Amino acid sequence: IVNEAIIAEEDKQAVEVVLDELKVSESIKKKIREEFDHVLWLLDFDNRGHDIFRQWYVDGRVFYNVMLDPNNAKLGIQELRYIDPRKIRRIKHVDKKKSDKGVELIKAVEEYYLYNDKGITEQTMQGVKMSLDSVVFTPSGRVDQNTGMTLSYLHKAIKPVNQLKMMEDALVIY
């Protein structure tokens with residue numbers, strides 16, 4: 001699937017941005033194309049495109065930390081660092097207060113990403129707070145209706161594959 005999705009040729013890029021339907025000036029389209037090419041260069045997409053797509057396809061989500069130069073933000077994105085999806089979670093705190101009529105009112109909403117190098121579970125909700133702007137999140141678009149968790153396109157196939165691996169390992173042992 002990965003080989004069919006990402007086709008790399010020597011004289012062409014594997015992906016490109018198409019702005020034919022976008023109703024903006026040509027100078028803005030040119031800047032968008034330049035920034036798109038810069039992001040592809042930061043990701044080393046020519047060499048790592050297959051790996052990036054495979055990670056997204058299997059996990060159903062990809063996270064990148066966007067690194068900017070704090071002294072000169074006009075330079076734009078300097079680096080994109082991959083974040084393991086098991087080690088980051090989006091947190092949303094909603095502060096509510098009751099009005100004098102008994103209706104709950106939303107006082108404030110705080111959203112951020114929580115990163116912990118050891119992984120995040122329900123018991124360990126501690127780690128480094130990261131702003132929403134500093135993380136790029138690319139989901140598969142599939143969501144479990146019961147848990148709200150992002151699913152991959154291979155979600156139904158992963159469990160039987162893991163069971164097959166365990167059976168093969170047990171067969172070799174015995």
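**Aromatic pairs, salt bridges and strand pairing**

Phe53, Trp56, Tyr57 and Tyr153 come together as one aromatic cluster. This is a predicted model, and the cluster is a handy place to start looking at its rings. In total, 8 aromatic pairs turn up. One of them joins Phe63 and Phe137, whose rings are stacked, with 4.7 Å from centre to centre and 20 degrees between the planes. Phe63 belongs to strand β1 and Phe137 to strand β6, so this pair ties together parts that sit 74 residues apart in sequence. Phe63 has just 5% relative accessibility and so counts as buried, the cut-off being under 20%. Phe137, at 31%, is partly exposed. Another of the pairs, Tyr64 with Tyr82, is edge-to-face: the centres are 5.9 Å apart and the planes make an angle of 70 degrees. Here the link runs from strand β1, home of Tyr64, to strand β2, home of Tyr82, so parts 18 residues apart in sequence are tied together. Tyr64 is buried, with a relative accessible area of 9%, while Tyr82 is partly exposed at 31%.

Strand β1 itself, residues 61-68, is mostly covered, with 6 of its 8 residues buried. Its pairing with β6 (residues 135-139) is antiparallel and takes in 5 bridges. Within that pairing, Phe63 stands opposite Phe137, and these are the two residues of the stacked pair described above. Strand β1 also pairs with β2 (residues 77-83), again in the antiparallel sense, this time over 6 bridges. Asn65 has Arg81 of β2 as its bridge partner.

Arg81 turns up once more when charges are considered, as it forms a salt bridge with Glu79, where the closest N and O atoms are 3.2 Å apart. Both ends of this contact are partly exposed: Glu79 has 35% relative accessibility and Arg81 has 41%. The structure holds 8 salt bridges, and two others involve strands β3 and β4. In one, the side chains of Glu111 and Arg90 meet at 2.8 Å, N to O. Glu111 sits in β4 (residues 104-115) and Arg90 in β3 (residues 88-98), so the contact ties together parts 21 residues apart in sequence. Glu111 is partly exposed at 32% relative accessibility, as is Arg90 at 45%. In the other, Lys96 bridges to Glu104, with 3.7 Å between the closest N and O atoms. Lys96 is exposed, its relative accessible area being 53%, whereas Glu104, at 48%, counts as partly exposed.

As for the backbone, β3 and β4 run antiparallel and are joined by 11 bridges. His93 stands opposite Glu110 of β4. The two strands make a hairpin with 5 residues between them, and Gly102 in the turn shows a positive phi of about 90 degrees. One last contact brings a charge and a ring together: the charged end of Lys129 sits over the ring of Tyr112, 4.6 Å from the ring centre.

Technical notes
Residues numbered from 1 in each chain as written. Predicted model: local features only at pLDDT ≥ 70, side-chain atom pairs only at ≥ 80, totals over all residues. Heavy atoms only, no water. Buried < 20%, exposed > 50% of the residue type's maximum accessible area, 1.4 Å probe, protein only. Helix = DSSP H or I, 4+ residues; strand = E, 2+ residues; numbered from the N terminus. Pairing = 2+ DSSP bridges. Salt bridge = Lys/Arg side-chain N within 4 Å of Asp/Glu carboxyl O. Phe/Tyr/Trp six-rings, centres within 6.5 Å; stacked < 30°, edge-to-face > 60°. Lys NZ or Arg CZ within 6 Å of the ring centre and 35° of its normal.
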